[in-house]
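Visitor: I would like to go through this model with you and ask, at each step, what supports the words you use for it.

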Amino acid sequence: MAAVKQQVKATVKKFDFFGLTAGGDKQRPGEQFGCELGIDMGSTKVYVAQMVNGGPAALCGDIAVGDQVLAIDGRELDSNGSSGGVKLGQLVDGEKGQPIWLKMQRAKAADGESEPEKYNVRLLRQDPLADSWTWSGAPEIVWNAVPDLASKTVKSVGGLIPGAPKITGEGVGLDLKKGSAGEICVKSIAPGGSAWLRMHPPPLEGEPALFAVDDQILEVDGVSMAKKSLFEVDSLLHGHPYTRVHLKLRRGEGVMEVDLLRAPQLPAPKLPNAQKYKAEIAACPEIPPLERTNRREGTRVLFAPKIAGLVPKFDQETETGFQKVLRECSGFSSVDDEEDEEDEEEEE
């Protein structure tokens, strides 16, 4: 373990947090939406290094420490977190209440082998719902190198009994029970926990809830829960704050898979504010204004009325990715396509 910790320290030295602290004259990059972004000095990629309890990123329920940021507000990031000459600090800066769109990539795939999944999230810039700015996560968490570092003792199986085995780290907000055949099932869903946050806003009428009482837990991070004790399963569900855990569940005849974050539980007085925030996020457009503008421009050019039998042509050097898809699906030619056809006619 000493060798592992030494390796972690070497990795940390290559990770640039800009030397900024919360509450001072300067903010951590991403602080306005509840996370600290850092640049890996080896790859120059931008990662989520820490998250603030009750902040927008934590309420989202999707972002985990160690996930990579690929784009901000539709701007793809290049070296050192900039985009077209605009620095990272400028990209994330904004007024309170303003939304921000992030294109992310998970730190690792659920199966640990395939390419990590990319996903999109939208957040609102606001202060955390917690009573104080409490940051969770560390450079070590990003690389998942030290699994035995626990933030605090959260609970003990069987209640607060002296000498009882301890479960450390943060959980996912699911209380467990044994079923009639010894299977591990969901007993209740803790309000303010990670699972509860993922269930808000509630699903539309006719759609199944993400979690339900009596759901059977088949696997945790690919490990079968057959013949596992409640303590063993609960231990697997707990861990470093804002790390991701993958569950396979059975409900009736159906089997589904879902990811949850290990995170501190919100206090009861903050739950109405959390529900309000989740509703506001759900009302935001799913794609950033820049991409919406590109789509409108592509649609406008593509479906412009024909004049004197002319067919709209695209310049492939300037067309957006969305315009290219529209052109290829519709069979319209581009400037380059037309030039290629003229060259072929001359050769004939």
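**Reasons behind the labels**

Guide: Let us begin with a turn: strand 15 and strand 16 form a hairpin with two residues between them, and Gly252 in that turn has a positive phi of about 65°. Please keep in mind throughout that this is a predicted model.

Visitor: What makes strand 15 and strand 16 a pair, and in which sense do they run, parallel or antiparallel?

Guide: Two strands pair if at least two bridges are found between them; strand 15 and strand 16 are joined by eight bridges in the antiparallel sense, so they count as paired. One of the bridges can be named by its residues, since Arg251 has Gly254 in strand 16 as its bridge partner.

Visitor: How do you know that strand 13 pairs with strand 15?

Guide: The argument is the one just used, with a cut-off of at least two bridges. Strand 13, residues 216-220, and strand 15, residues 244-251, run antiparallel and are joined by four bridges, and therefore they pair as well. Within strand 15, Leu247 is the residue that stands opposite Val220.

Visitor: Why is no disulfide assigned between Cys35 and Cys60?

Guide: A disulfide is a covalent bond between the sulfur atoms of two cysteines. The cut-off for the sulfur pair is 2.5 Å, whereas the sulfur of Cys35 lies 9.8 Å from its closest cysteine sulfur, the one in Cys60, which is too far for a bond. Seen from Cys60, the closest cysteine sulfur is in Cys35, again at 9.8 Å and too far for a bond. A search of the whole structure accordingly finds zero disulfides.

Visitor: Why are Cys35 and Cys60 called buried?

Guide: Buried means under 20% relative accessible area. Cys35 has a value of 1% and is therefore buried, and Cys60, with a value of 12%, is buried because that figure also falls under the cut-off. For the protein as a whole, buried residues make up 40% of the 348 residues.

Visitor: Why is Pro116 called partly exposed, and why does Arg106 count as buried?

Guide: Partly exposed covers the values between the buried limit of 20% and the exposed limit of 50%. Pro116 has a relative accessibility of 22%, so it counts as partly exposed, whereas Arg106, at 16%, counts as buried. Pro116 is placed in the loop between strand 6 (99-105) and strand 7, and Arg106 is also found in the loop between strand 6 and strand 7.

Visitor: Which residues does Pro116 touch, and which are in contact with Arg106?

Guide: Leaving out residues up to four places away in sequence, Pro116 touches Gln105, Arg106, Ala107, Lys108 and Ala109. With neighbours within four places in sequence likewise left aside, Arg106 is in contact with Asp67, Pro116, Glu117, Tyr119, Arg244 and Asp259. As for Pro116 and Asp67, they are 49 residues apart along the chain, and their C-alpha atoms are separated by 9.5 Å.

Visitor: What makes up the lining of the second largest pocket, and how is that lining divided by class?

Guide: The second largest pocket holds about 540 Å³ of space. Of the 22 residues that line this pocket, Cys60, Asp62, Val121, Arg198 and Lys278 are the closest to its centre. Helix 2 (56-60), strand 7 (118-124), strand 16 (254-261) and helix 7 (271-283) each supply at least two residues of the lining, and the largest share, five residues, comes from strand 7. By class, the lining has eleven nonpolar, three polar and eight charged residues.

Visitor: What makes a space a cavity rather than a pocket, and how many cavities of 30 Å³ or more does the structure hold?

Guide: A cavity is a space where a 1.4 Å probe fits but cannot get out, while a pocket is open. The structure holds two cavities of 30 Å³ or more. The largest cavity, with about 50 Å³ of space, is lined by Gly54, Ala58, Leu59, Leu197, Tyr242, Ala263, Pro264 and Leu266, and its lining has seven nonpolar, one polar and no charged residues. The second largest cavity has a volume of about 40 Å³, and Ala58, Gly61, Ser194, Leu197, Tyr242, Leu261 and Ala263 line it; these divide into five nonpolar, two polar and no charged residues.

How values were computed. Residues are numbered from 1 along each chain as its sequence is written. This is a predicted model: local features need pLDDT of at least 70, side-chain atom pairs count only at pLDDT 80 or more; totals for chains, interfaces and linings use all residues. Side-chain values use heavy atoms; hydrogens and water are left out. Buried means under 20% relative accessible area, exposed over 50%, partly exposed in between (1.4 Å probe, protein chains only). On a 1 Å grid over the protein atoms alone, a cavity is a set of points where a 1.4 Å probe fits but cannot get out, and a pocket is an open set with protein on both sides within 12 Å along at least five of seven lines; lining residues have an atom within 4 Å of a point. Grid points are joined across faces, edges and corners, and a volume is the space filled by probe spheres set on the points. Ala, Val, Leu, Ile, Met, Phe, Trp, Tyr, Cys and Pro count as nonpolar, Asp, Glu, Lys and Arg as charged, and the others, Gly among them, as polar. Contact means heavy atoms within 4.5 Å.
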